Structure formats: structure tokens, C-alpha cells
Amino acid sequence: MPVQERRLNIGLAELLKTETRALHSVAERSVFLAELLSGRMDRPAYCAFLRNLHAIYTVLEQSLERHAQHPMIAPIFLPALWRTCALEHDLRALHGAAWADELALQPSAATYVGRLRDLDAEQPVLLVAHAYVRYLGDLSGGQMMRRVVATSTAQDGAVAFYDFGDGLATQALTLAFRHGLGAMPMDQSRASALAAEARLAFDLHQRLFGELAAACGLTARVRARPMGGEG
Ligand code: HEM
């Protein structure tokens with residue numbers, strides 16, 4: 001690989017982080033995630049969250065599998081990251097066997113699934129941006145959520161979704177994913193397209209958090225809390 005291309009690659013992980021930093025801050029402040037991190041989220045709301053994520057991961061992971069040999073996908077093809085089975089485990093434990101029929105898919109999740117299917121068919125390279133947003137998020141902030149969910153009685157300690165093994169295994173996967181980003185054949189226009197797709201992924205998440213908050217009545221509940229009060 002020419003030196004100039006290699007430099008661009010070393011910067012891809014950094015570029016994605018920089019390009020999505022502002023959107024990440026917005027996501028962190030969403031009502032839905034604030035409720036989740038507070039440890040007060042009830043089980044139906046948490047199951048609604050997992051159910052919608054399941055739809056997204058199913059298509060993402062099927063698509064990554066289909067394009068495993070693609071030179072852009074192969075470097076980040078790490079099945080140890082896959083979350084579909086872990087989500088099914090948690091949903092069965094928390095909601096029961098009929099979770100797929102009984103829990104609603106939000107419109108933004110359906111849009112997200114549609115986008116992933118389009119990429120699968122026409123632009124598999126851009127799946128990398130979605131893998132970045134989901135898996136590095138799960139390996140980073142997801143580990144904070146794991147601590148909250150693990151101690152929440154409403155969630156009954158069902159943390160398969162956040163479980164990548166012990167701290168060392170989690171760190172190793174993070175490094176392997178970042179290393180994979182650096183090993184991709186890259187040029188400027190591809191890097192820009194990946195950054196734009198990562199921003200789209202954050203936007204879709206933001207919409208999903210808004211829809212989930214509304215569906216679970218969270219907006220009203222958070223607003224109704226007394227200022228400075230505990231609950
Ligand atoms: C309450 C919610 C969240 C918290 C507290 C949180 C927290 C964090 C933290 C502490 C990091 C590590 C930052 C660093 O190493 O500099 C991180 C990284 C990341 N988060 Fe989040 N996060 C949250 C929500 C999200 C959401 C909703 C997404 C995606 C939709 C996401 C995607 C990411 C990604 C992709 C990274 C990796 C950034 C990089 O190093 O390139 N996070 N998050």
C-alpha cells in the first residue's frame with residue numbers, strides 16, 4: 001500500500017470519531033439513554049430498546065457475513081462482536097419466548113433496516129460505518145450501561161448484550177476493530193462516504209431514541225419529575 005494511502009488509513013478511526021463527536025454528545029443526552037443510565041428504566045422500555053436493536057443487528061450481521069471476503073469488510077470481520085444471539089438471549093429472559101411477535105418495531109428501526117439492506121445489495125463498503133457506530137459504541141459506552149443494567153432489578157441482571165468477555169477480551173476486540181479500520185484499502189472519497197454514513201447511523205439512532213421515549217411515555221415522565229428531586 002502506498003505511504004499516502006497508509007496515512008489516510010491510520011486516520012480513518014480518528015476521522016470517524018471526529019466526524020461523529022457532536023452527534024455522540026447529542027445521543028448521550030437523549031431522554032431515553034439518560035433514563036437507561038439512571039438505572040430507573042422499567043423492563044418494558046428496556047425490552048422495547050433491545051427488540052429494535054435486534055432488528056438492526058440481525059441485518060447488519062447477515063450483511064457482514066455475506067460480504068466477509070470483501071477487501072473492505074474482511075479487516076473488521078470479527079464474529080466475536082456479533083450481538084444478535086446475545087440480544088435474543090436477553091429478550092427471552094426479560095420478556096419471554098414471544099418477544100418477536102409482541103414487541104413493536106419503531107418506524108426508524110424499519111428505516112434503518114431498509115438502509116442496511118440497500119447497502120448490502122449496492123454499497124457493502126458502507127456497512128463498515130454501521131459496524132463502527134454499533135460495535136465501538138457497545139465496546140465503549142456500552143460497558144457503562146452494562147454496569148447499570150447488571151444492578152437493575154427491573155433488568156434482572158440480563159447483560160448478555162454487553163458481554164464481550166472480560167476486560168482484556170473487550171479491550172482486545174476494540175484494538176482489533178480499530179486495527180481493521182486502519183488496514184482497509186482507502187482513499188479520500190471513500191473515507192468521506194464512510195464518515196457521512198456514520199453520521200446517518202447516529203441520526204437514525206437519535207430518531208429511534210425519540211420514538212422509544214414517546215412509545216414508553218418517558219418524555220412526559222422525565223418532564224414530570226420535580227426539579228432537584230430524586231425520582
Ligand atoms: C448514554 C449514552 C452513552 C454514553 C455514556 C457513551 C459513552 C461513551 C464513551 C465513554 C466512549 C469512549 C470515548 C473515548 O474513548 O474517547 C464512547 C465511545 C463511543 N460511543 Fe458512546 N456512549 C453513549 C451512547 C452511544 C450511542 C447511542 C452510540 C451510537 C449510536 C455510541 C457510539 C459510540 C462510538 C462509535 C464510540 C467510539 C468512538 C471512537 O473512539 O471512535 N455511543 N461512548
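1. Val26 is a residue of helix α2, and it is a convenient place to start reading this structure, which is a predicted model. Val26 counts as partly exposed because 13 C-beta neighbours lie inside 10 Å, a number that falls between the limit of 12 or fewer for an exposed residue and that of 20 or more for a buried one. Val26 and Met145 are 119 residues apart along the chain, and their C-alpha atoms are separated by 17 Å.

2. Helix α2, which spans residues 12-28, also matters for reading the surroundings of the ligand, since α2 gives the most to the shell around the ligand, with six residues. At least two residues of that shell are supplied by each of α2, α3 (31-38), α8 (127-139), α9 (141-151) and α11 (188-215).

3. There are 17 residues around the ligand, and of these Lys17, Leu136, Gly137, Ser140 and Gly141 come nearest. Sorted by character, the residues of the shell comprise 10 that are nonpolar, five that are polar and two that are charged.

4. Two of the helices that contribute to the shell, α3 and α11, can also be considered as a pair: their axes come within 7 Å and cross at roughly 70°. That angle makes α3 roughly perpendicular to α11, because angles of 65 to 115 degrees are counted in that way. On the α3 side the contact is made by Val31, Phe32 and Leu33, while on the α11 side it is made by Phe209, Leu212 and Ala213. The residues of this contact divide into six nonpolar, with no polar and no charged residue among them.

5. A further residue to look at is Ala100, which lies in helix α6, a helix covering residues 99-102. Is Ala100 buried or partly exposed? Ala100 is partly exposed, because 14 other C-beta atoms are found within 10 Å, whereas a buried residue would need 20 or more. The C-alpha atom of Ala100 is separated by 9.1 Å from that of Glu88, and the two residues are 12 apart along the chain.

6. On confidence, the protein has a mean pLDDT of 92, and 90% of its residues reach 70 or more. Over residues 226-231, however, pLDDT stays under 50, and for this stretch the model has one contact beyond four places in sequence. Where pLDDT is low, the predicted coordinates should not be read in detail.

Conventions. Residues numbered from 1 in each chain as written. Predicted model: local features only at pLDDT ≥ 70, side-chain atom pairs only at ≥ 80, totals over all residues. Near = placed C-beta within 6 Å. Helix = DSSP H or I, 4+ residues; strand = E, 2+ residues; numbered from the N terminus. Nonpolar A, V, L, I, M, F, W, Y, C, P; charged D, E, K, R; others polar. pLDDT = per-residue confidence, 0-100. Contact = placed C-beta atoms within 7 Å. Axes fitted to C-alpha atoms, helices over the stretch in contact; angles between N-to-C directions. Parallel < 35°, antiparallel > 145°, perpendicular 65-115°, else oblique.
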